[in-house]
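Student: I should like to look closely at a single part of this structure. Could you please choose one residue and describe its setting with care?

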Amino acid sequence: MREVSKRRFLQAGGLAALDAALSPAAFARGARENWAVPVPLRRRMYGAAIDIARKKIRGGPGDPAYPKPFLDAAFSTNIFLWDTCFIAAYAKYHQDELPIANALDNFYARQDDDGFICREYTKTGLAFWPKTHPVSINPPLLAFAELELYGQSKNPDRLRAVYPKLKRFFDFLVRTYRGDDGLFFSDALGSGMDNIQRYPDGWRDDHKGIPIHNLYPEVFAYSGLNAAWNRQGRSVDFSAQMALFADELATIARLIGETGDVAGYGQAHAEIGRAVNEHCWSQADGFYYDLGYGAQIRRKHIGMFWVMLAGVVPPARLARILDHLTDPAQFWRRLPVATWPADQEGFSPAGSYWKGSVWAPTNYMIIRGLQRCGQDALAIRLARQYYWSVAQVFEATGTFWENYAPDALTPGNDSRPDFCGWTGIVPIALYHEFIA
């Protein structure tokens, strides 16, 4: 379905009609059938995702900045780090035809001597954000992406080649963004969840944060309270991602025979995990919270669930976290998992980007985290229900979307079509891992 046709479909109320047709009885039937999707529809989804992804390959000999063809999200002329890392989660199954390794190499090639890798580079290969501000850092998932590729290729030579770069990046992040309490501070936009408020309610700029100097203000003028809030707080998601980074560096070190590094990264993982559990856990609420000036900011968002994939949740606390995850009044909406809970001010039933929308990267993070925590049955349930929901919208629109509404079987109200892109996780990665 071409772009104009998709817009006409939406304007004509086609998705509203689809959602209305999927009555509670239809949902109950889907649940009884374990969210089964007919084989012909699965095949169409898979083929469409590959076709869309192939069209997103860019670069090559004629490109002075990116001389090797690479798979890209392709919603911008810039390249983006955490998009690329999550694209690896499905491109790993088609590495010969979807050049994801080259996409990761684009970031390694631009690493500064001190280890810095920017989250976004322009079409000419320049960093889009200043190194001095945490807006320049996305979730540090390069080791995650490399292990995704290795899981299919079993190529230790690539791990050996990228391992020194990963180590330097990890060291840069520890030096630059770790506080005395062992936790990490970050930036709202840099966290990847663009419009989630990270500062405490009622806060006013105290000028204690790292100031932002926009490199390209004519393209994107980042300002306001979110841009001013960084050193004043601590982030559960970034801290957990750094624990995961350490754990994955230990795994890579074992795989390539760098056994002398394993204990150090294991210790780093344990230390970050202790800090998260000591400072961010609320015994009263049974949940983890970001910090502001050392005090917990009692605001929930999907970033807190990174603690599961990071492997830092004590078993005694897991059940209480899962109570929040699976609560239909919070995160487990009609289409799970909402990025912002429905019982919290600001939730958008239509999505409003990260104020409720359902996103492939965060759902995949939760699914993999559930698996790591031994919650295989819940991981399968989420994967199949999410796959089924995306299949209904695909059948109606003929494409995949950047995100989906939490309370209706529709795209989110701020969502791009033909997004493969990380939404390719659903028709390809989830198919291989939970459907086929």
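Tutor: Let us take Lys300, which is buried, because its relative accessible area is 10% and buried means under 20%. Please keep in mind that this is a predicted model. Along the chain, Lys300 belongs to the loop between strand 9 and helix 12, the latter covering residues 306–310.

The side chain of Lys300 has polar partners. A polar contact of 2.9 Å links the side chain of Lys300 to that of Gln330, and another, of 3.4 Å, links the side chains of Lys300 and Asp343. Gln330 and Asp343 also appear in a longer list: once neighbours within four places in sequence are set aside, Lys300 is in contact with Phe287, Tyr289, His324, Gln330, Phe331, Trp340, Pro341, Asp343 and Gln344.

We may now turn to the strand that leads into this loop. Strand 9 is joined by 2 bridges to strand 8, made of residues 291–292, and the two run antiparallel. Within this pair, Leu291 stands opposite Gln296 of strand 9. In general, the strands of a sheet pair through backbone hydrogen bonds, in either a parallel or an antiparallel way. Here, 3 strands make up an open sheet in the order 5-8-9, with antiparallel pairing. Its edges are strand 5 (233–234) and strand 9 (295–296), each of which pairs on one side only.

To draw the picture together, Lys300 is a buried residue in the loop that follows an edge strand of the sheet, and its side chain makes polar contacts with Gln330 and Asp343.

Key:
Residues numbered from 1 in each chain as written. Predicted model: local features only at pLDDT ≥ 70, side-chain atom pairs only at ≥ 80, totals over all residues. Heavy atoms only, no water. Pairing = 2+ DSSP bridges. Helix = DSSP H or I, 4+ residues; strand = E, 2+ residues; numbered from the N terminus. Buried < 20%, exposed > 50% of the residue type's maximum accessible area, 1.4 Å probe, protein only. Polar contact = N/O pair within 3.5 Å; in protein donor to acceptor, adjacent residues only side chain to side chain. Contact = heavy atoms within 4.5 Å.
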